[in-house]
Amino acid sequence: MSIEAKNENKEFKPLIVAFCCNWCSYAGADLAGSSRLAYPADVKIIRVPCSCRVNPLFILRAFQKGADGVILCGCHPGDCHYSTGNYYARRRMTLLFSMLDYLGVENGRTRVEWVSAAEGVKFSQTMNEFVEKIYSLGENVRLEDLRCKKN
Amino acid sequence: MYKIKKEQISALLETVGKAMDLYLPVNNNGKTNFGFWTEDAKVDLETLKTVKSPKDAFFPQSEVLYSCYKDAKKIEITPQELVNRDFVIFGVRACDVRGFQVLDRVFLADPVDTYYAARREHGIVVSLACGEPEESCFCKVFDIDAAAPEGDVVMWAVEDCYCMEAKTEKGENFLELVKEHLEPASDEDSQKTAAEQEKIRQIIEKFPYSHLSLEGWDGNATKEKFDDPRWKELSDACLACGTCTFSCPTCQCYDIRDFNTGHGVQRYRCWDSCMYSDFTLMAHGNNRTTQMQRFRQRFMHKLVYYPANNDGMYSCVGCGRCVEKCPQGLNIVKVIKRMGGSK
Amino acid sequence: MQRIGVFVCHCGTNIAGTVDVKRVVEAVKKEPGVVYAEDYQYMCSEAGQQKIADAVKNEHLTGIVICSCSPRMHEGTFRKAAEKAGLNPYLVEIANIREQCSWIHKDMEEGTEKAVILARAAIAKVMLNAPLQPGESRVVKRALVIGGGIAGIQTALDIADAGYEVDIVEKTPSIGGRMSQLDKTFPTLDCSSCILTPKMGEVNAHEKINIYTYSEVEKVSGFVGDFSVDIRKKARYVDMDKCTGCGLCQEKCPSRKTPNEFNRGLNTRPAIYTPFAQAVPNVPVIDTEACIKFKTGKCGVCSKVCAAGAIDYTQKDEIITREYGAIVVATGFDTINLDKFDEYYYNQSKDVITALELERLMNAAGPTGGNVVRLSNGEHPKNIVFIQCVGSRDVTCRGKSYCSKICCMYTAKQAMLLKDHYPDVDVHVFYIDVRTPGKNFDEFYRRAVEEYDVDYIKGQVGKVSEAENGRLLVQGVDLIDNRQIKMEADLVVLATAIEPNKDVRKIATMLTASIDNNNFLTEAHPKLRPVESPTAGIFLSGVCQGPKDIPETVAQAGAAAIKVVGLLAKDKLVTNPCTAQSNPLFCNGCSACEKVCPYGAISYEEQQVMDGGVRENRRVAVVNSALCQGCGACTVACPSGAMDLKGFSNRQILAEVDAICR
Amino acid sequence: MSADAKLAQQIREISGVDTRKCMKCGRCSASCPAYNEMDIRPHQFVSYVQNGNVEALMNSKSIWKCLSCFACVERCPRDVKPAKVIEAVRLSVIRQRGENFLSPDEIPALLDDETPQQLLASAYRKYRK
Amino acid sequence: MQEELIRRAKELLGDGTVVRVMGWRKGDLSFNPEPALFETEESLAEFVYDGFCGANLSKYMIKLSKLEGKTLVFLKPCDTYSFNQLVKEHRVDREKAYIIGVGCDGSLDVDAMKEKGAKGIQEITEDGDTVTVRAIYGDKTFDREDVILERCRACKGGAHMVYDELASNADEEKPARDGRFSLVEKIEVMDPKERFAFWQNELSRCIRCNACRNVCPACSCIKCVFDNDRYDTAQKANADTFEEQMFHIIRAFHVAGRCTDCGECSRVCPEHIPLHLLNRKFIKDINTFYGDYQAGADTDSRAPLTNFTTEDVEPSIVQERG
């Protein structure tokens, strides 16, 4: 069987990287956990101190290495633990996402959601929605590095 | 000698392209570069100078040397397969063909670069004489005849035909492959070709660079040229970009790097440029710390060091790409002119 | 060469239930750098920690990964364990395989696979961890209490009694807060002022307490132990030192039309006023909006009558800057706006009032001298209807989704007191549930029913309108009898939902304290740290954290105080070592990082830099690690990557990304 | 699933109402202008559906007394929308009986002095012919 | 004009106001002058100022700011934005520069002339709005408008943002031109697939010569992340199409809010990749989302990415606008 054929037969299993700020969204994810609010295991969380710590490089790297979607979660605007971090993150991500869209990368692959420490339900819902969206978009082929493909 | 009508050339290319890899000038959004033939490639044999030289047919900008696959703590190493099928580089100009020879002296000298050697062995060079050379050309300075390129097969555009002549056994095999498209050239065609060659040579005489003097530039000039104070003013404007290097048909420096694929490592080499600040960067630092030194290195290499080690052969072929492409108007001609003839 | 040890916790069955921990151990053993891996029932237990210590010693570990619950739970525990074993505590990473794995996934296969990936990411990160040393920062031995209600008063007293200085900032002209507006308090029915006034006096007299009334917090900078706060002292136009509090100015003031805020607008007050008789400080303020002198330039009656010469029309707002080690938020509550609840006829009829307004009517010092009357005609009401849950437990955009908690009890109190004062009135209470969880609370409510004949109707009111005879027509339902009730009433009292004070959002933003969708301040942990904000050095007291009654407020105030005292008792604080750091070799000196730093932690200096054999003077960024809180905003603003964050470095995060996407 | 439960599920689907959201405060019934006309009251509609007793609702005259004034929807603090439940029951009845259930000829007999004009308007709006 | 500039440069060198002059030196062809430093009055004989002096000299001032004494630098109107931006970022020292603002009629693009059929060029002469090419394969005459650089078609106007004196050809009143975002808009309305194909095709020509980065006055990093092995971000060649995208996205992002739209990146690209369309996209987005902003118009305003308002649009706007 050729490699291509093997890949075609493989069921699409998305890989989703979620950057969560330590103070709100990571805690929100913990709350989703303690409340047993399920979301797909495709989501893997990386803890960062603040949404403003997330460099566009990290997001592109995730796509390069095979992620199908990247979501950034932070405190609600105005509630940043560091008072202003998420405002900067919001501008950066707005511009970055707009640029990716401009380059023709499906705009549903990137998302920012503000999730507070109290919003376990929202965290879980958001992740469920996002995973569903990525399923509908399918495998990321527009921002991938072929060298990183497993075959 | 054979000939083929210009309008039939695409049929010939199709035959070749379907039989083997065919590398030829392709236009992409107004810019022509060597690329692989495909059915919908916009083949462009008119443009005189591709942006990049065709050297990456033999010496690609980036090529994998070997791959490591990691499984837990075990590592498995897979060497990159060498090129083992014939391929054709079609429409190479005289200067670029000479460029291959400059590379040969580096990569085929002991120790032989096997990746390069394999490509060279399997590559068939079909050259094309320059019907309309341009103002930035100065191949004549290096004794290259744009009207009579070297190569396995040589082509001339004569009126509505291309005339072709095999120069080597590889070349003859190539013509054999495409003979269904060819018809033998007549004596008249031979005469027309000679006339075309004459015309080309005359045009070249008119160009500003054709009478450039290389006096003072040779393998013995190391000390004198190295210490010349004029390097500074020549290099003041240099941006340290790699445009000259990457468009040059003879630049041969490369870097070897590792890429972490997540499931292993790919060791690859890629072109490097002596204009870059991290060129020859070593653990202790860099032996060239200023742009002037890097700039000097490039031209000393082309005009002094290389000839010193290669029987006087310069590693510039006068293609004029750097003249056209340098963002700030610097080029080897300015260097030759401003610092030459001072012995 | 790194030697990493991985410890996988079962957490009883919490993790082991959906993650095959043995398989995780086997998988991570194959990871480069890992020299030791084991699993254990409870890693956080003494025995578990001992296992870590043993492995560090025996295997000469250079880094540890613990696959367990959230780092928010036990990162500290494991860091301490590592430190005890002689390993730098910052060489520990946690893979959260409980909250973010075993608890949300049901399938063993899926859970195990994800746990391995999370472990791999933690291993990839820990390989790049550097030993970090925390710094120290000072503790200013003074606390700030924002809000001078019972919560603020009690917190201030408790802190001051422990020997630390406290400043209270209160935005109104007097301390006292909501409690000073109340008549009696449940469930003992003592008079509110009788128990509050002495405390106000005590605060005023306390040598460690400094009160800034008619003042607001303007700006907060700094961090735990070392806050710097700008306080705007609004101009009173009355000299605090000279005023004797005689009250003559208030009596003589010709502008008397301003609604009296303290009495909830049920009557009016002069332009120069103290909110109530027992105000602390007993120094009036001039309301420049109402003052004729300020509006027209003519008048000056107060100045003329003031024997002490305390009136000063030229006073200006003053901004003072004070330093504090801790800040307590005690900003209290207000009742919600009822504009969206047309059906209760509140805006249309003077005889529909809120319970807080009824408190003022019942209070002897209130606008009616304690006589409960219909404000429309001054008559005594005969039939009084209480409506519970007005805007509370309401998930629509009109109300608040939470239970306001205090209404059931105060309604019982008010109903009882009304029946007590006016035995001839009928009192009906429409309720959804009666919630009385508190000591002697249910007994209290039952007394209202059983001793005072208050008519509790299980059901709600759908509509209040005006009857033809000028009385109110209340249409409700009795769900027990399954009948719709239409009754005439003289007074309708609404148990209006309470909400945090409107200013709290502004204050929370200044303090970088997190706040929930209802504007209640979030506690650091809902159960274990209920009086602390997640922001270090910020504490919560009273209703700003959630609805509560007076005893609860006082209890929380005391708890907040002891937390503050615990902080102020320290001589030094250990600072977070995960701070930003600039590499002078790559720094362009462009100032982008400085602009996004919320703490002013970045400055620039000329430094001699040796780059590739060339010595150069460059303008480079320098981070003050005592000020840096480690958000990382600067790291992304920096285009060259010169700025990096210790503990969350670019390489560490990229390594995690790589490990996850492998 | 029992037939009753199925029917209740159908009502929930048609109405889009989650009956579990009801906290039994009674504000719907307290607001209802047609309350006294009804044998089963607005708040009961919600609990009947919750308990799977739709049959009783379908036989109730309340479904013809509801004015569709939506006061209950407006006032409900939990966003339950009792009127939609009533409407859904009414619709189920119509579907079961066939489309031309309400004939203009029948109307005079149903009218009495107490019936509000609005009911008539609403009846014509909702039922064909 | 050239004579006037040479005379003034000689005066300033002579009276000691400046110790060196940053200008352009005559090329050996009529269309390849080079940026050059002149340290003596005699050397100024080679000074040139004509339509081919498109190079933006402001970035050279980073290096020259480190030297003793003042440097005379000639800046065209659009170059002054770059200079200001560099002052704002503390990369050049205003005090070390003596700026003569020179006027500009639009920089000439020799490639445009070649595309329009000029071949075997021997000499190019400018005469007002006409450009004449003497060439071996046939002489050509062009309207200046047809052979200027793309950036000049979106000229920001004749005003110099910073200068010590103005040359006589400076036209501070010359209006800005419209239509700067028309190409961006054209791409925006494409179907995502088409957009992807468009950029894939353009970026696939990238040879990673770094000319765009090295010429860019905003890309003034001492060490670019793409040259820095510390963060595993270093790339030397586009070994995979991803790297083409990565480099250009990150580069555009790093200069977002700082790019003055000087157009040097597109001028120098040997493959004619319309790189300015990436930068202009950011500029357009910034203007739309956060209000009009022109980098380099001043030296003290806050750049959009180091600023915020509490009412900023959410990133979901990207999906919402479709």
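**Exercise 1.** In which loop of chain B is the place of Asn29(B)? Characterise its backbone and its exposure in this predicted model.

*Solution.*
Step 1. Asn29(B) lies in the loop that joins β2 (21-28) to β3 (31-36) of chain B.
Step 2. The phi angle of Asn29(B) is positive, about 50 degrees, although the residue is not a glycine.
Step 3. The number of other C-beta atoms within 10 Å of Asn29(B) is 14. A residue is exposed at 12 or fewer and buried at 20 or more, so Asn29(B) is classed as partly exposed.

**Exercise 2.** Locate Arg36(A) and determine whether it is buried or exposed.

*Solution.*
Step 1. Arg36(A) belongs to the loop between α2 (25-34) and β2 (43-48) of chain A.
Step 2. Its phi is near 55 degrees, a positive value in a residue other than glycine.
Step 3. Arg36(A) has 12 C-beta neighbours inside 10 Å. Because the limit for exposed residues is 12 or fewer, Arg36(A) counts as exposed.

**Exercise 3.** Describe the peptide bonds that precede Pro111(B) and Pro187(C), and place each proline in its chain.

*Solution.*
Step 1. From Asp110(B) to Pro111(B) the peptide bond is cis, with omega near -10 degrees. Pro111(B) sits in the loop between α2 (94-107) and α3 (114-122) of chain B.
Step 2. The bond from Phe186(C) to Pro187(C) is cis, with omega near -5 degrees. Pro187(C) is found in the loop between β8 (184-185) and β9 (190-191) of chain C.

**Exercise 4.** Determine how helix α3 of chain A and helix α9 of chain E are oriented, and describe their contact.

*Solution.*
Step 1. The axes of α3 (residues 56-64) of chain A and α9 (residues 241-255) of chain E come within 11 Å, crossing at roughly 170 degrees.
Step 2. Angles over 145 degrees count as roughly antiparallel; α3(A) and α9(E) are therefore roughly antiparallel to each other.
Step 3. The crossing of these two helices, α3(A) and α9(E), is right-handed.
Step 4. On the α3(A) side, Pro56(A), Leu57(A), Leu60(A) and Gln64(A) take part; they meet Phe242(E), Met246(E), Ile249(E), Ile250(E) and Phe253(E) of α9(E).
Step 5. By class, the residues of this contact comprise 8 nonpolar, 1 polar and no charged.

**Exercise 5.** How many residues of chain C are in contact with chain E, and which helices contribute to that side?

*Solution.*
Step 1. The contact joins 16 residues of chain C to 15 residues of chain E.
Step 2. Helices α16 (592-596) and α18 (650-660) of chain C each supply at least two residues of the side that touches chain E.
Step 3. That side of chain C has 7 nonpolar, 6 polar and 3 charged residues.

Terms used
Residues numbered from 1 in each chain as written. Chains lettered and ligands numbered in written order. Predicted model: local features only at pLDDT ≥ 70, side-chain atom pairs only at ≥ 80, totals over all residues. Axes fitted to C-alpha atoms, helices over the stretch in contact; angles between N-to-C directions. Helix = DSSP H or I, 4+ residues; strand = E, 2+ residues; numbered from the N terminus. Parallel < 35°, antiparallel > 145°, perpendicular 65-115°, else oblique. Left-handed = near helix turned anticlockwise from the far one by under 90°. Contact = placed C-beta atoms within 7 Å. Nonpolar A, V, L, I, M, F, W, Y, C, P; charged D, E, K, R; others polar.
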